[in-house]
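Let's take a walk through this protein together, one region at a time. Keep the viewer open as you read, and turn the model whenever a new residue comes up.

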Amino acid sequence: MIDALSFFGVYPFRRVWPIDIEEVTNLLKKHGFKKIYIVYMLSLFYRDFYEANKEAEEHFNKAKNLAINTILLPSINPDYMPLNKSFSKDLLENKFFQGYVTAPAYHGYKIDSLKTIRVFERLCEYDKRVIIIDLLEDIREMHRAYKMRHVITKESLKNFIDKIDRICERKILLTSFRYDLLKEVENKISEKEFFIDTSSDTLYGPQYDRVKELTESVGHDLIVLATKTPLTYPSVSIYRVLYSDISDSFKRDILERNILRFYGSYAH
């Protein structure tokens, strides 16, 4: 199996384990993973993502014993960055990074703003992947001192998908998206060929079998496995797929093949 997105580092709103990148890889190896894509948790909460990514690389480079093939994904905040030559030099031409993780609710920007869309399209032009996070967990579990001003809504998600150019087909992954949002735009997701994952707490398993529902509405070739470790125990996302009433071939696609398709030439 391949994990399309997991995390390391502390989570600001509650205690999670493990947070050390080596321990995260050990845990995922025990669950049968051979490769993971991982992001530094705190980088979703830095406005200055340049500094966040430097910190992420420092932690990553210090790791001595990664149990499995581990690919570091940096974060990006389109609201913080200028669209100038340094954008291309510092980000787009960086061959080390295969995709960029971003979270409107945590980074604090509108997903359907013109600047956001322009930044994502530039990334797609350079054959980068964009991993967009909705909510990592139920917003009611977060500290009440924080108010999310830019949580993705049905309207903003529809606007975003309608506006973004087709150059981003198969280069965007909607991760940890609430099921009610996905259902509202499932036809648009299928049309623009965006990938979606199995990590949201609202993507219920047996009895509801929402994995099966999404394979029928969006297409089995656009669904990937992401565990959201350590916010969620790995087996939760895995069992949603394994116990779904879909064919073994579709399960294999979700657990491995679709992730290779999403990351494209970077996947091997």
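What you see is a predicted model, and a good place to begin is its largest pocket. By class, the lining of that pocket is made of 8 nonpolar, 2 polar and 2 charged residues. You can pick them out in the viewer: Pro 12, Phe 13, Phe 45, Ala 105, Tyr 106, Gly 108, Met 142, Tyr 146, Lys 147, Met 148, Arg 149 and His 150. The space in this largest pocket comes to about 250 Å³.

The second largest pocket holds about 160 Å³ of space. How do the residues of its lining divide by class? There are 4 nonpolar, 3 polar and 6 charged residues. Of the 13 residues in this lining, Leu 135, Glu 137, Asp 138, Arg 178 and Thr 202 lie nearest the centre of the pocket.

Next, turn to the strands. Strands of a sheet pair through backbone hydrogen bonds, either parallel or antiparallel. Here, 5 strands make up an open sheet with parallel pairing, in the order β4-β5-β6-β7-β8. The edge positions belong to β4 (99-102) and β8 (223-224); each has a single partner strand, so one side of each is left without a neighbour in the sheet. Towards the β8 end, you can follow the pairing in detail: strand β7 (residues 195-197) runs parallel to β8 and is joined to it by 2 bridges. Asp 197 has Val 224 in β8 as its bridge partner.

Another parallel pair is found with β1, which meets strand β2 (residues 35-40) over 5 bridges. One residue pair to look for is Ile 2, which stands opposite Lys 35 in β2. Is β1 enclosed or open to its surroundings? Of its 7 residues, 7 are buried, so β1 is largely enclosed by the rest of the structure.

Now for the cysteines. A disulfide is a covalent bond between the sulfur atoms of two cysteines. Searching the whole structure turns up 1 disulfide, and it joins Cys 124 to Cys 168 with an S to S distance of 2.2 Å. Which parts of the chain does this pair tie together? Cys 124 belongs to helix α5 (residues 114-125), while Cys 168 sits in the loop between α6 (154-163) and β6 (172-175), so the link connects parts that are 44 residues apart in sequence. Because the torsion about the S-S bond of Cys 124 and Cys 168 is about 110 degrees, the disulfide is right-handed. Both Cys 124 and Cys 168 are buried.

Helix α5 deserves a look of its own. With 12 residues at 1.5 Å a residue, α5 should span 16 Å, and its end C-alpha atoms are indeed 16 Å apart, so the two values agree. Buried residues in α5 are Thr 116, Ile 117, Val 119, Phe 120, Glu 121, Leu 123 and Cys 124. An α-helix has 3.6 residues a turn, so residues three or four places apart point the same way. After α5 comes Asp 127, whose phi is positive, near 60 degrees.

That brings us to other backbone angles worth checking. Glu 193 is not a glycine, yet it has a positive phi of about 60 degrees. This residue is in the loop between α8 (186-192) and β7, and its 25% relative accessibility makes Glu 193 partly exposed. Asp 209 also has a positive phi, near 50 degrees, again in a residue other than glycine. You will find Asp 209 in the loop between β7 and α9 (210-219). Is Asp 209 buried or exposed? Its relative accessible area is 13%, so Asp 209 counts as buried.

Peptide bonds round off the backbone tour. The one from Trp 17 to Pro 18 is cis, with omega near 0 degrees, and Pro 18 lies in the loop between β1 (2-8) and α1 (21-30). A cis peptide bond also joins Thr 229 and Pro 230, where omega is about 5 degrees. Pro 230 is placed in the loop between β8 and α10 (234-242).

A last stop is Glu 57 in helix α2 (residues 49-62). With 26% relative accessibility, Glu 57 is partly exposed. Its C-alpha atom is separated by 10.0 Å from that of Val 39, and Glu 57 and Val 39 are 18 residues apart along the chain.

Conventions
Residues numbered from 1 in each chain as written. Predicted model: local features only at pLDDT ≥ 70, side-chain atom pairs only at ≥ 80, totals over all residues. Heavy atoms only, no water. Disulfide = S-S within 2.5 Å. Helix = DSSP H or I, 4+ residues; strand = E, 2+ residues; numbered from the N terminus. Buried < 20%, exposed > 50% of the residue type's maximum accessible area, 1.4 Å probe, protein only. 1 Å grid on protein atoms, 1.4 Å probe; cavity = no way out; pocket = protein on both sides within 12 Å on 5 of 7 lines; lining within 4 Å. Points joined across faces, edges and corners; volume = space filled by probe spheres on them. Nonpolar A, V, L, I, M, F, W, Y, C, P; charged D, E, K, R; others polar. Pairing = 2+ DSSP bridges. Expected span 1.5 Å × (residues − 1).
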